[in-house]
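Visitor: I should like to take a close look at a single part of this structure. Please let me put one request once it is displayed.

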Amino acid sequence: MALDRKNVPNDLSAFWMPFTANRQFKQAPRMLVSADGMYYKTADGRSVLDGTAGLWCCNAGHNRPKIVEAIRQQAGELDYAPAFQLGHPKAFELASAVRDMAPEPFEHVFFTNSGSESVETALKIALAYHRARGEGQRTRLIGRERGYHGVNFGGISVGGIVNNRKYFGTLLTGVDHMTHTHLPKEHAHTKGQPEYGAHLADDLERIAALHGPETIAAVIVEPVAGSTGVLIPPKGYLERLREICTKHGILLIFDEVITGFGRLGSSFAADHFGVMPDLITTAKGLTNGVIPMGAVLATSPIHDAFMQGPEHLIELFHGYTYSGNPLSSAAGLATLETYREEGLFQRAADIAPYWQEALHSLKDARHVIDIRNIGLIGAVELEPIAGAPTKRAFQAFLDAYEKGILIRTTGDIIAMSPPLIIEKSHIDQLIDTLRDVLTNLD
Ligand SMILES: Cc1ncc(COP(=O)(O)O)c(C=O)c1O
């Protein structure tokens with residue numbers, strides 16, 4: 001098909017693209033110009049099946065009428081309202097709707113604009129919470145190797161992905177990391193949660209003993225690690241982490257930026273695994289990825305610890321110009337309604353077994369060394385090219401895009417997280433095309 005010239009800018013140099021091989025991209029741009037349902041349209045008129053829900057965020061698929069209309073209407077009614085010392089109705093309505101969708105202990109919602117900001121917010125709430133209760137010596141924050149918690153300084157400090165850390169100085173002090181949960185030999189080709197590995201949570205006891213548990217404010221983990229290449233928690237691991245945190249008075253933060261809003265077939269991973277943290281960070285699926293927004297969910301004991309002192313005083317010295325802004329709030333309300341009306345979380349749970357079997361049918365495909373899955377998340381790990389890590393998976397991504405499917409890669413791992421509206425025929429298209437890509441890959 002002829003190139004649609006009006007959609008192809010002739011100067012690509014100004015935009016310094018995030019997490020992108022800029023020079024490679026600008027030589028052969030991959031330009032998306034529209035989207036509907038399960039498909040993107042490219043500038044050269046091709047359809048590309050969205051195997052990643054954008055960036056793990058468009059859980060209801062693309063161009064959803066209710067969400068589009070809500071944003072349109074809101075923009076014409078109240079475009080912006082100051083976020084500090086003033087309110088507007090939709091932010092309160094959305095906070096209540098999120099609370100109603102969240103596990104029971106989570107009664108309060110603090111709005112941000114992204115997953116990274118949710119992480120910073122949760123870490124700061126944890127520190128200030130302990131201080132408000134007279135335990136200001138709890139200043140240490142514990143993350144995990146291979147963890148991804150966004151790109152701000154708190155997030156990369158508790159995060160455990162080396163390239164996201166090593167270029168950026170000394171990061172936060174007082175941070176330590178538990179060992180990651182990936183045991184390639186024992187876990188290879190496991191469907192769902194691995195049986196073995198709950199004991200890896202005991203690494204928190206080692207860290208607590210090293211620093212003194214009374215110095216630790218919080219532990220943050222992704223219930224399912226996504227950006228590091230999909231690491232599924234071994235059975236009993238999250239339960240054990242919860243026990244150790246409770247024993248030592250340490251807050252447990254679940255970073256649910258990708259697992260929130262239906263990805264595992266329930267509202268949150270906390271529901272899915274039946275393990276309740278003290279704080280939950282979210283973003284992405286909150287607005288179906290359409291307008292930037294994030295949120296931190298807090299239990300009443302945490303929230304109430306701040307509600308002390310004279311009532312004219314600000315209780316938490318934190319917030320963003322766009323916290324709970326009208327357009328995001330309208331998009332969030334319409335998104336949650338769409339999830340509810342279409343029963344999308346249940347839909348994800350119902351189709352997850354088909355997804356699992358389709359993914360694992362790639363076990364004998366060329367270059368594949370491991371396959372992992374849970375809910376509507378899947379990863380296919382490739383044998384790296386000797387001396388050129390990441391190159392093979394990146395080539396797979398490029399070839400897949402040319403052949404009409406959108407996948408994501410991190411290291412030599414292909415990660416997929418399709419919209420929850422996916423049909424079996426889309427799963428077949430995704431997996432068949434990926435098999436074809438792998439077969440023809442060097
Ligand atoms: C677990 C987790 N936390 C935080 C983030 C950062 O979110 P954002 O890119 O919206 O800042 C991400 C993004 O993928 C994520 O997966």
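Which residues of H10 are buried? Please describe this helix closely, together with its surroundings.

Guide: The model is a predicted one. In it, helix H10 covers residues 237-248. Its twelve residues should span 16 Å at 1.5 Å a residue, and the end C-alpha atoms are 17 Å apart, which agrees. The buried residues of H10 are Tyr 237, Leu 238, Leu 241, Arg 242, Ile 244 and Cys 245. Viewed down the helix axis, these buried residues fall within an arc of 170°, so they line one face of H10. The face turned away from that buried side carries Thr 246 and Lys 247, which are exposed. After the helix comes Gly 249, with a positive phi near 70°.

The surroundings of the buried face come next. The buried residues of H10 pack against two helices, H9 (203-211) and H11 (269-273), and against two strands, E7 (216-221) and E8 (251-255).

Both of these strands belong to an open sheet of seven strands, whose order is E4-E10-E9-E8-E7-E5-E6 and whose pairing is mixed. At its edges stand E4 (106-112) and E6 (175-178), each of which pairs on one side only. From one strand to the next, the twist averages 20°.

Helix H9, a packing partner of H10, also has a place on this sheet: H9 lies across E5 (140-144), E6 and E7, and runs at about 150° to E6.

At the edge formed by E4, the neighbouring strand is E10 (residues 294-299), joined to E4 by six bridges in an antiparallel arrangement. One residue pair can be followed there: Phe 111 has Ala 295 of E10 as its bridge partner.

Helix H5 (residues 115-132) offers a second helix to set beside H10. H5 has 18 residues and reaches 25 Å from its first C-alpha to its last, close to the 26 Å expected at 1.5 Å a residue. H5 is mostly covered, with 14 of its 18 residues buried. A glycine with positive phi is found here as well: Gly 134, just after H5, has a phi of about 80°.

To return to the part requested, H10 has its buried residues along one face, packed against H9, E7, E8 and H11, while Thr 246 and Lys 247 are exposed on the face turned away.

Notes:
Residues numbered from 1 in each chain as written. Predicted model: local features only at pLDDT ≥ 70, side-chain atom pairs only at ≥ 80, totals over all residues. Helix = DSSP H or I, 4+ residues; strand = E, 2+ residues; numbered from the N terminus. Expected span 1.5 Å × (residues − 1). Buried ≥ 20, exposed ≤ 12 C-beta atoms within 10 Å, placed from the backbone. Arc of directions from axis to C-beta. Contact = placed C-beta atoms within 7 Å. Pairing = 2+ DSSP bridges. Axes fitted to C-alpha atoms, helices over the stretch in contact; angles between N-to-C directions.
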